[in-house]
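Colleague: Could you take one part of this model and go through it closely, in connected prose? I would like to follow how its residues are placed and what surrounds them.

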Amino acid sequence: MVLKSPTNQMDILVIGGGLAGLAAALDLAGRGHRVVVVERKQYPFHKVCGEYVSNEVLPYLRRLHADPAALAPANIRTFLLSSPGGRVLTAALDLGGFGVSRYALDDFLYQRAMARGVAFHLKNTVTDVAFDPATDQHRVTLADGRVLTARVVLGTFGKRANLDRQLQRTFFTQRSPYLGVKYHLRLPGFPRDVIALHNFADGYAGISAIEDDKLCFCYLTTRRNLKRHGTIPALEQAVLAQNPRLREILGAAERLYPQPEVINEISFAPKQPVEQHVLMCGDAAGLITPLCGNGMAMALHGAALAAAAAHDFLTAKTTRAAMEAAYARAWTARFGTRLRVGRAVQRLFGGPVLSELAVGGLRHWPGAVQALMRRTHGQEF
């Protein structure tokens, strides 16, 4: 389905219709700008994602008239972490959060963006982005051959895309060992106010409630693990099930997907928030480790920062150079520490011995757990 703009010229072109792209589109359309979103899929669709969102995003979503309460999400208040051997620590979440599937949330935001006049090119991709300094505009080529022009382009196309190669982004040339797997489950008796992270050899799995009495089960592991065991079911039985908490989940849960969602080459390498005059948001700007981060909240907060910077440029309050510099500074100030702490903490887990030591030590040091969570989560915005 394609909603056409009256012209191929627009104020904002958003590449990728995930959380960051949809929120930024809603925000900028609400400020009176002409916005087009290019998305390679048709809503609704599933994504590999932990599907837990810190409540820090609620004021922003309410300002966008997109309060997720309409989706009846799970109310999550407690964090649980287990070592590979099943040793457990728990901690209260300061702000708390909510659990909702990307299938429901992205479609919810898409419907609101449509109602606000955002145009969409669905089941389409961007094959080239070129900035023309003579016109101070971007020339954007779509896979179907159309060429669009925009004053500002937002790159919200996720963890890894062919555009990263075209933009010559450094991280794209570096192989990553990680892959992500996600299911929706039903598991009677699982507490709906808990988000749990369970360690296993070379990875960890998260599980938490979402809407409709379902659970999101998502884990990060390595290609080496998968190659060694051949198939995802074999990997789960041979590796994940060594953690008794995961063994119980895998044995008792009803899987609601015939096949899991899988994504390869998940990279936590540093990225730049601005590339060749494109403002990057969400995972395209930087990916925090799932063990201690909240990528969905970061995507929404990044959208708020990008929309504010773009609006100032589009209303002639600032120059392009000043817009890009301001956005890069704001993005780094909000998320730089989170990403650094996330990468450091990532190194403490995955190896069975170190994971056991880390969880064992943190169980007796609750202040450190709270401090880590504060360093990897934000405040309401």
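Modeller: A residue is called exposed when its relative accessible area is over 50%, and buried when that area is under 20%. With those cut-offs in hand, and bearing in mind that this is a predicted model, I would look at helix α7, which spans residues 244-252. The setting is a protein of 11 helices and 17 strands, in which 57% of the 381 residues count as buried; among contacts between residues at least 6 apart in sequence, 73% join residues at least 24 apart.

Within α7, the buried residues are Leu246, Ile249 and Leu250. Their directions from the axis cover an arc of only 95°, and they therefore sit on the same side of the helix. The general background is that an α-helix has 3.6 residues a turn, so residues three or four places apart point the same way. On the other side of α7, Glu248 and Gly251 are exposed, that is, each has a relative accessible area over 50%.

What do the buried residues of α7 pack against? Their partners include the strands β10 (178-186), β11 (194-200), β12 (203-209) and β13 (215-222), and to these are added helix α6 (232-238) and strand β14 (254-255). At the N-terminal end of α7, Asn243 acts as a cap, with a side-chain oxygen placed 2.8 Å from the backbone nitrogen of Arg245.

The helix also takes part in a pocket, the second largest, whose volume is about 260 Å³. Of the 13 residues that line this pocket, those closest to its centre are Phe190, Pro191, His198, Glu248 and Ile249, and the elements that give two or more residues to the lining are β11 and α7. The largest share, four residues, comes from α7. Glu248, exposed on one side of the helix, and Ile249, one of its buried residues, are thus both among the residues closest to the centre of the pocket. By residue class, the lining divides into nine nonpolar, two polar and two charged residues.

Taken together, α7 carries buried residues that pack against several strands and helix α6, has Asn243 as the cap of its N-terminal end, and contributes four residues to the lining of the second largest pocket.

Technical notes. Residues numbered from 1 in each chain as written. Predicted model: local features only at pLDDT ≥ 70, side-chain atom pairs only at ≥ 80, totals over all residues. Heavy atoms only, no water. Buried < 20%, exposed > 50% of the residue type's maximum accessible area, 1.4 Å probe, protein only. Arc of directions from axis to C-beta. Contact = heavy atoms within 4.5 Å. Polar contact = N/O pair within 3.5 Å; in protein donor to acceptor, adjacent residues only side chain to side chain. 1 Å grid on protein atoms, 1.4 Å probe; cavity = no way out; pocket = protein on both sides within 12 Å on 5 of 7 lines; lining within 4 Å. Points joined across faces, edges and corners; volume = space filled by probe spheres on them. Nonpolar A, V, L, I, M, F, W, Y, C, P; charged D, E, K, R; others polar.
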